[in-house]
Amino acid sequence: MIPTPPPRSVVILGGGTAGWMAANLLQQRWGGSGTTVTLIESKDIGIIGVGEGSTPQLKAFFDELGVGEAEWMPRCNATYKAGIEFVGWSDKPGSERYFHPFATAVDPFTEQTFFQAAALRRRGAAVPAHPDPFFLTTRIARDCRAPLAPANFPFPVQYGYHFDAYLVGATLREIAVGRGVRHEIATIAEVVLGETGDIASLRSDDGRDFAADLFLDASGFRATLIEGALGEPHRGFGDNLFNDSAVVTPTPLPPDGAKAMTSATAASAGWIWHIPLTTRAGNGYVYSSRYIDRDDAAAELRRHCGLPPDAEVRHLSMKCGRVERSWVKNCLAIGLAQGFLEPLEATALHIVLATVKGFTDAWERGDRDGFNASIARRYEGIRDYVVCHYRMAQRRDTDYWRDATSHDRLSDSLKSIITTWFTGGDLEEEVHRQDIAAYYSPMSWHVMLAGYGNFPPPEKLQPLAPSPVDLAEVDRFVSGCALNFPSHAEVLSRLAAAKAA
Ligand SMILES: Cc1cc2nc3c(=O)[nH]c(=O)nc-3n(C[C@H](O)[C@H](O)[C@H](O)COP(=O)(O)OP(=O)(O)OC[C@H]3O[C@@H](n4cnc5c(N)ncnc54)[C@H](O)[C@@H]3O)c2cc1C
């Protein structure tokens with residue numbers, strides 16, 4: 001098969017994180033073949049300016065661009081992220097908090113013991129099955145270390161980052177422009193369609209026309225091209241993901257400095273993130289406006305953060321769901337224009353990267369339908385994991401939590417995962433059978449379901465002697481591995497010093 005040649009020209013509408021990430025990737029992939037990449041952003045329409053946590057795919061992105069951590073992290077006040085701590089999502093004794101770790105190459109030494117412990121506990125044996133002791137990145141984060149494997153520890157460790165969204169945008173812009181991406185400041189007022197229904201050009205409010213072979217819609221929740229001009233329907237996820245709003249505020253860093261983790265603390269009608277950067281912490285209450293109004297949400301956030309009642313906050317609305325198809329005619333939607341799952345697992349930038357990379361491959365193969373189907377599967381796969389957080393949480397103290405934990409609007413895939421868990425089946429096999437491990441691995445599913453304490457009640461558990469789970473042995477292994485890792489604060493100061501030098 002002869003691959004389709006790259007487009008001669010690409011126009012990206014939108015200079016948020018999504019637009020600038022795509023500009024860098026397209027320039028890298030197609031710039032050498034003569035494709036011109038132009039990014040248009042409006043000086044009157046701002047970027048959303050939140051989105052401060054990533055998955056490990058952001059590291060792969062910077063690695064691919066050849067941009068080192070010393071180059072970008074200090075400029076973006078960035079810290080390391082070894083995973084997410086969930087606090088208060090369960091009121092079962094012993095399950096008040098758990099950590100969803102990023103994977104490492106040493107997990108196989110302890111993971112099977114954890115899976116086995118969880119399976120025995122599901123079937124009624126009194127064995128320890130809380131996930132935290134079993135995973136290295138959990139220990140790294142809790143011990144205030146950085147997830148950076150030293151040279152004498154030759155086992156790869158996955159990690160993500162926390163960062164200032166505005167500074168990352170500015171850094172990506174500088175890199176892209178330095179590599180040849182054209183940058184235009186213009187507010188697009190009209191989308192001109194050609195006879196075939198493709199986009200012919202974008203017309204700015206001062207009368208300039210921007211024509212191209214291919215357009216990327218990175219215009220944020222407005223979705224100006226994909227929904228506005230091309231009329232692609234938006235499929236909302238409100239049925240089983242209730243949160244539609246957020247209120248955010250910064251706080252000073254805690255006295256023990258930045259830990260390499262995001263925390264997600266359950267609140268009366270949603271949850272509150274805490275993301276430590278090098279200069280401040282970002283906090284945000286993601287909530288459902290059906291269950292709490294914005295003033296009460298702001299008051300709850302301020303109380304949670306220990307702030308005075310008049311502390312300044314910023315309110316945001318969220319449009320959760322995705323466009324039916326991401327690639328329509330000669331337009332690819334990315335970022336918030338493409339879709340948004342609420343930020344519990346911080347997957348938005350990860351989806352931008354997967355979309356742009358998947359798209360360039362599919363463009364060259366000429367496989368639009370296959371690409372659109374794979375993006376839809378990715379959204380649904382991630383959505384199910386996020387839905388499961390709510391459905392299987394163990395608190396019932398407000399209407400929000402009673403509704404979120406009791407509805408039956410679950411996909412068949414998720415129903416099957418939950419059934420496998422509660423009937424004592426092989427969850428690892430089920431995740432592979434469904435071919436959904438690329439979105440969330442068997443480790444992630446086990447950690448969540450066990451982390452919330454989804455087990456028979458203590459009075460129904462039978463002692464098992466001898467216990468097949470030797471927690472002391474697991475702890476010796478995990479804590480021994482963790483000793484190899486440097487302090488988070490030290491690594492961040494080294495990066496800052498390298499920048500200053
Ligand atoms: C509460 C909340 C928390 C989040 N947390 C996370 C997280 O932890 N991790 C994560 O990965 N993601 C997170 N996200 C998502 C993340 O913020 C976005 O995916 C990311 O910022 C990319 O946004 P964007 O570039 O698509 O849109 P935006 O930042 O909104 O940018 C839109 C751009 O389009 C331009 N534009 C729009 N209309 C026009 C026009 N007519 N003419 C010219 N220019 C135009 C604007 O000027 C702007 O440059 C979060 C989102 C929300 C709402």
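**Cysteines, overall size and one sheet**

Okay, let me start with a cysteine. The sulfur of C481 sits 19 Å from the closest cysteine sulfur, the one in C144, which is too far for a bond. Before I go on: what you're looking at is a predicted model.

Staying with C481, is this residue buried or exposed? C481 counts as buried, because its relative accessibility is 8%. Then there's C388, and that one isn't in a disulfide either: the nearest cysteine sulfur belongs to C320, 18 Å away. C388 is buried too, with a relative accessible area of 0%. And how many disulfides does the count come to? Zero. The cut-off here is two cysteine sulfurs within 2.5 Å. In case the term is new to anyone, a disulfide is a covalent bond between the sulfur atoms of two cysteines.

Let's zoom out to the whole thing. The protein has 501 residues, and a compact globule with that many would have a radius of gyration near 23 Å; this one comes out at 23 Å, so the two agree. If you draw a box around the C-alpha atoms along the principal axes, you get roughly 75 × 60 × 55 Å.

What share of the residues counts as buried? That's 55% of the 501. As for the outside, the accessible surface is about 20,400 Å², and carbon and sulfur atoms own 52% of that.

Now the contacts. Take those with a separation of 6 or more: 75% of them are between residues 24 or more positions apart.

On to secondary structure. You'll find 16 helices and 21 strands in the protein, and I'd like to walk you through one sheet. It's an open sheet of six strands, and the order goes β7-β2-β1-β11-β20-β19, with mixed pairing. Which strands are at the edges? Those are β7, residues 182–185, and β19, residues 327–328, and each of them pairs on one side only.

Look inside the sheet at β1, residues 9–13, and β2, residues 36–41: these two pair in the parallel sense, over five bridges. If you want a spot to click on, try I12, which stands opposite L39 in β2.

Last stop is helix α1, residues 17–30. What does α1 lie across? Four strands are named there: β1, β2, β7 and β11, the last of these being residues 214–217. Relative to β2, helix α1 runs at about 170°.

That's my tour, thanks.

Methods
Residues numbered from 1 in each chain as written. Predicted model: local features only at pLDDT ≥ 70, side-chain atom pairs only at ≥ 80, totals over all residues. Heavy atoms only, no water. Pairing = 2+ DSSP bridges. Contact = heavy atoms within 4.5 Å. Axes fitted to C-alpha atoms, helices over the stretch in contact; angles between N-to-C directions. Rg over C-alpha atoms; globule rule 2.2 N^0.38 Å. Buried < 20%, exposed > 50% of the residue type's maximum accessible area, 1.4 Å probe, protein only. Areas by Shrake-Rupley, 256 points an atom, 1.4 Å probe, with all protein chains shown as cover.
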